[in-house]
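User: I'd like to learn how to read a protein model, one feature at a time. Could you walk me through this one?

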Amino acid sequence: MAINIADFSKRLAAVIASIGQDSHPGQLMTFLKKQVKIDNAVIFLYHGKQVPKITYNDLPPENRPTNVDLFLKGAYLLDPCYKSATEGFNGYYQLDKLAPAGFKRSEYYKNYFRYTGLIDECGYIFQLGSNDFLNISLGRDSSSACFNRSEQQLLNEITPLIREICLAHWRAQEHTSPNEDNLHSQLLSALEYFGTSVLTDRESQVIQLFLHGHSTKSIGEKLGISPETVKLHRKNSYAKLDVSSQAELFFLFIDALSSIDHYTD
């Protein structure tokens, strides 16, 4: 994929000049969209123990309220990008390689991700330090084909450049919101202790992995147990939680999140 050096330099200069300014996320996205076709993009900033902040979002307006609200109210805890970032992932990603096996059959995918209208996603996760990280999500919707190999390669190759730009801008930003610190902690606890009052430790592990989009096979591999044992734990957990499907399990978890006070200043 050929690059026009003069145009590349001009647009890059505009991005660098915007560092520290409110216009920076838009300038950065204009630069990236010039490199490859990007239908929709969202930039999520995670600061310490706060709920994520959306610093850029050009999803179609009709897709924003429901999806964004659900995500910020706690569904982000099940997001493969969030999970990978908290485990230290840093750099360029392709969602289909980052997400666990079974992701597209998960209720998180069915009830959140597919309603974004995206058919393919890649992007960047950058560790900013002190539990801060950034997720730049780049998407293709049904009006386009998935990102091809040369586009993936280009986006991957400019990772060091994009990382340094993001570090220069977002590390300098101030993020103070103690109420959101408390909210994130409550949401995290809701996930960590979901169902533990009635489930065994192993059943809780299995349910957690199902919520994160793992398949029966991948859960068995992660826990060192057979698929049949995974299914037995799932069956017993469903009975104890009074649910009969993964969909009911997902909405039971969402209901648990909804009971948390989301008020922040």
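User: Let's start inside. Which residues touch the most other members in the largest nonpolar core?

Analyst: Keep in mind that this is a predicted model. As a general idea, nonpolar side chains tend to be buried together in soluble globular proteins. Here the largest nonpolar core has 40 residues, and Y76, Y108, L211, L249 and F253 touch the most other members. Helix α13 gives the largest share of this core, with five residues. A second core, separate from that one, has 30 residues, among them F8, V36, I43 and L128.

User: What is L249 in contact with, once its neighbours within four places in sequence are left aside?

Analyst: L249 then has contacts with F194, I207, L211, Y238, L241 and V243.

User: Let me step back to the whole chain. How many helices and strands does it have?

Analyst: There are 13 helices and five strands in the protein chain. Of its 265 residues, 50% count as buried. The accessible surface is about 12,900 Å², and carbon and sulfur atoms account for 50% of it.

User: How do I judge the overall form, and what radius of gyration does the chain have?

Analyst: You compare the chain with what a compact globule would give. For 265 residues, that would be a radius of gyration near 18 Å, and the protein chain has 20 Å, which agrees. Along the principal axes, the C-alpha atoms fill a box of roughly 65 × 40 × 35 Å. You can also look at contacts along the sequence: among those between residues at least 6 apart, 68% join residues at least 24 apart.

User: Now a helix. Which residues of α7 are buried?

Analyst: First the general idea: an α-helix has 3.6 residues a turn, so residues three or four places apart point the same way. In helix α7, residues 149-157, the buried residues are E151, Q152, L154 and L155. Looking down the axis of α7, you find these buried residues within an arc of 160°, so they line one face of the helix. The face turned away from that buried side carries the exposed residues R149 and E157.

User: What covers the buried residues of α7?

Analyst: The cover includes the helices α2 (24-35) and α8 (159-170), together with the strands β3 (91-94), β4 (118-129) and β5 (132-141).

User: And in α11, which residues are buried, and what do they pack against?

Analyst: Helix α11 spans residues 216-223, and its buried residues are T216, S218, I219, G220 and L223. They pack against α10 (201-211) and α12. Just after α11 comes G224, with a positive phi of about 70°.

User: On to strands. How many residues of β1 are buried?

Analyst: In strand β1 (residues 40-46), seven of seven residues are buried. Both faces are covered: N40, V42, F44 and Y46 lie on one side, and A41, I43 and L45 on the other.

User: Which strands does β1 pair with, and in what sense?

Analyst: β1 pairs with β5 in the antiparallel sense, over seven bridges. The pairing of β1 with β2 (residues 53-57) is also antiparallel, over four bridges. To follow the pairs in the structure, look for L45 opposite L134 in β5, then F44 opposite I54 in β2, and I43 opposite Y56 in β2. The hairpin of β1 and β2 has six residues between the strands, and in this hairpin G48 takes a positive phi near 55°.

User: Where is D242, and what is its phi?

Analyst: Most residues other than glycine have a negative phi. D242 has a positive phi, near 60°, and is a residue other than glycine. You will find D242 in the loop between α12 (227-241) and α13 (246-258).

User: Is D242 buried or exposed?

Analyst: D242 counts as exposed because its relative accessibility is 69%, and the cut-off for exposed is over 50%.

User: One more loop: where is S142, and what does S142 touch?

Analyst: S142 is in the loop between β5 and α7. Not counting residues up to four places away in sequence, S142 touches G117 and I119. The C-alpha atoms of S142 and D120 are separated by 9.0 Å, with their positions 22 residues apart along the chain. With a relative accessible area of 66%, S142 is exposed.

Definitions and conventions
Residues numbered from 1 in each chain as written. Predicted model: local features only at pLDDT ≥ 70, side-chain atom pairs only at ≥ 80, totals over all residues. Heavy atoms only, no water. Helix = DSSP H or I, 4+ residues; strand = E, 2+ residues; numbered from the N terminus. Buried < 20%, exposed > 50% of the residue type's maximum accessible area, 1.4 Å probe, protein only. Arc of directions from axis to C-beta. Contact = heavy atoms within 4.5 Å. Pairing = 2+ DSSP bridges. Core = buried A, V, L, I, M, F, W, Y, C linked by side-chain atoms within 4.5 Å. Rg over C-alpha atoms; globule rule 2.2 N^0.38 Å. Areas by Shrake-Rupley, 256 points an atom, 1.4 Å probe, with all protein chains shown as cover.
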